[in-house]
Amino acid sequence: MLPILVGESIKELDQEFILSKGILSLDLMEQAANAFTNWFYGVFEDKEVQIYIFCGPGNNGGDGLAIARLLSENGYSINVFYLKNEKDCSNDFQANFERLPKNISATNFEKWDKKIEDGGIIIDAIFGVGLSRVLEGPISDLICELNSSLATRIAIDLPSGLPSDSVTTGQVFHSDHTVTFQFPKLSLLFPEHIQFTGDLHIIDIGIEDGFLQDFSKKAFYIRKQDISSRHRFFHRFSHKGDFGRVLFIGGAPGKLGALFLSSYAALRTGSGLVSCAPEFEDSIGIQVPYNEIMLYQVKSNTDLAEMDAIGIGSGWGNTIDPDYFLSIMIRFNKPMVIDADAINLLASNPFLLQKVPKNSILTPHVKEFERLVGKVANHAERIEKAISFAIKYEVILILKGAHTLIALPDGRQLFNSSGNQYMATAGSGDVLTGMITSFLGQGYTPENAAICGVFHHGLAGELASESKRRGMVASDIIEKIPTTFVELKIS
Ligand SMILES: NC(=O)C1=CN([C@@H]2O[C@H](COP(=O)(O)OP(=O)(O)OC[C@H]3O[C@@H](n4cnc5c(N)ncnc54)[C@H](O)[C@@H]3O)[C@@H](O)[C@H]2O)[C@@H](O)CC1
Ligand SMILES: [K+]
């Protein structure tokens, strides 16, 4: 997985990397500029448009100048504006300033005539991870001016004004695209920053993952290439028992659909045998809309341990007796997947939290999470509380949303890269519960079940939305689960 470094470690990384490779920091800047321009050529082919590059005094500005040179050499029309007397700027800024081709006009931003041609592109190279305080004065006014333009806006590494690891309180550049180097900075994953970050692109500037590992042991970004090694592989003699027997408990009157979504998602994820236990006085006569799913009686079956995994809570209702939940946890006594109304039950009966089997997986959305831990001010605090919760109760806490967070009991935090906004639809969470429970039942460790479940769920959502967009529903996600195995070449 890709390590996520905090802002203050990035300078140290930079230093050690160039030392180990025997290169100059200017060379690394050139690698970064080349990686950026390669991305740029793929997205913006029209060389007639005017490109306005605003360069701050540090190395973010240096990147901007190197990019200006490379784009100009490639035939693009470049206008550079810099923010300080170039003598006060970083060494690599100055070196790249010297290397600017003569045909590029470079002007102090205070002399900018505020004209941006129609269809123009603004590149923000003002501040990156070196931002040290809230923007004020003329720089804040400049960002405000740039934000009001109709141009396409691109931020290099970070939108200027956005701190790398915390929530912003000041003026920030509004990007349509943020092109960040090597790994996502934490603040680019916060939902409250979406208006600043736009589409996120992580580009490789040549620093190997292995090198990054020494600088972050806590926060990671889950990518497509991290998934295959987490899967179990089955052979031609595998039988349905090997693929696990799973049970879903939930589905009170009026909410049966949630239970069926979880159950069917588990089948599509590969479970061998799937049963569901609706929360009905008498569930015998209930019609299950899928031939492959069996009905199960939790109250009369004492041996819940015959199940390989249990997913509990989808549509369970709010009238469940906490002692009944407790008896299920005691009778099963293995890690289980706990969602929705089961999380609400834990929140209103905190004594139950101590009884949750270790390494269980809780999958709250933001509101359910707040019921568990209380109100939070912002996403940074939410992440901190998720980490402490996972450590305290020795569970895996999956905080659902864009870049779903998987907080592990040892304190590691994994952020997901798959999925999109179209997945914010009724029942999407029930599908996730079904998928994670399925992997758990197939013998995956809770950590791998969580990672594979979250990533495949997001990928299935992406695939389903290709043709459905905002009309996508949770069942569409389920139908695309098998294609995720094909995409990732999982047999
Ligand atoms: N791996 C790396 O570390 C690499 C870093 N590179 C670039 O270098 C950037 C970091 O460069 P720097 O550390 O020089 O930092 P920045 O260029 O982000 O900013 C530092 C400069 O801005 C000033 N400053 C900070 N906050 C300010 C504020 N609110 N108002 C006015 N002035 C302010 C500082 O005094 C300093 O002069 C990265 O974001 C990236 O763009 C790339 O060149 C490639 C490699
Ligand atoms: K920037």
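## Strand β11 and its neighbours

Strand β11 covers residues 273-278. In this predicted model, five of its six residues are buried, so the strand is largely enclosed by the rest of the structure. The cut-off matters here: a residue is buried if 20 or more other C-beta atoms lie within 10 Å of its own.

Strand β10 (residues 245-250) pairs with β11 in the parallel sense, over six bridges. Within that pairing, V246 has V274 of β11 as its bridge partner. Helix α8 (residues 256-269) joins β10 and β11 in a right-handed β-α-β unit. β11 also pairs with strand β12 (residues 293-295). This pairing is parallel too, and it runs over three bridges. Here C276 stands opposite L295 of β12.

## Strand β5

Strand β5 spans residues 121-125. Five of its five residues are buried, so β5 is largely enclosed by the rest of the structure. Both faces are covered. I121, I123 and A125 are buried on one side, and I122 and D124 are buried on the other.

β5 has parallel pairings with strand β2 (residues 50-55) and with strand β6 (residues 152-156). The β2 pairing has five bridges. In it, Y52 is matched with I122 of β5. The β6 pairing has four bridges, and there I121 stands opposite T152. Helix α5 (residues 137-147) completes a right-handed β-α-β unit with β5 and β6.

## Annotated binding site

Which residues does UniProt list for "binding site"? The unreviewed entry gives N60, D124 and S160. These residues span 101 residues in sequence, yet no two of their C-alpha atoms are more than 9.5 Å apart, so they gather at one spot.

D124 belongs to strand β5. It has 29 other C-beta atoms within 10 Å, so D124 is buried. Leaving out residues up to four places away in sequence, D124 touches F54, R153, I154, A155, I156, P159, S160, F173 and S175. One of these contacts, S160, is itself on the UniProt list.

N60 lies in helix α3 (residues 59-73). Is N60 buried or exposed? It has 24 C-beta neighbours inside 10 Å, so N60 counts as buried. Beyond its neighbours within four places in sequence, N60 contacts A125, I126, F127, G128, G130, I156 and D157. Among them, A125 is a residue of β5. I156 appears in the contacts of N60 and also in those of D124.

## The largest nonpolar core

The largest nonpolar core holds 145 residues. Within it, I53, L397 and I406 touch the most other members. Helix α14 (residues 446-468) supplies the largest share of this core, 10 residues. Domain 1 (2-216) and domain 2 (228-487) both give residues to the core, so it lies between them.

What does I406 touch? Not counting residues up to four places away in sequence, I406 is in contact with I396, I398, L414, A450, I451 and V454. Of these contacts, A450, I451 and V454 fall in helix α14 (residues 446-468).

Definitions and conventions
Residues numbered from 1 in each chain as written. Chains lettered and ligands numbered in written order. Predicted model: local features only at pLDDT ≥ 70, side-chain atom pairs only at ≥ 80, totals over all residues. Buried ≥ 20, exposed ≤ 12 C-beta atoms within 10 Å, placed from the backbone. Helix = DSSP H or I, 4+ residues; strand = E, 2+ residues; numbered from the N terminus. Pairing = 2+ DSSP bridges. Right-handed = clockwise from strand over helix to strand, strands pointing away. UniProt positions renumbered as here; feature names shortened; annotations may be inferred. Contact = placed C-beta atoms within 7 Å. Core = buried A, V, L, I, M, F, W, Y, C linked by C-beta atoms within 7 Å. Domains from an automatic or database assignment.
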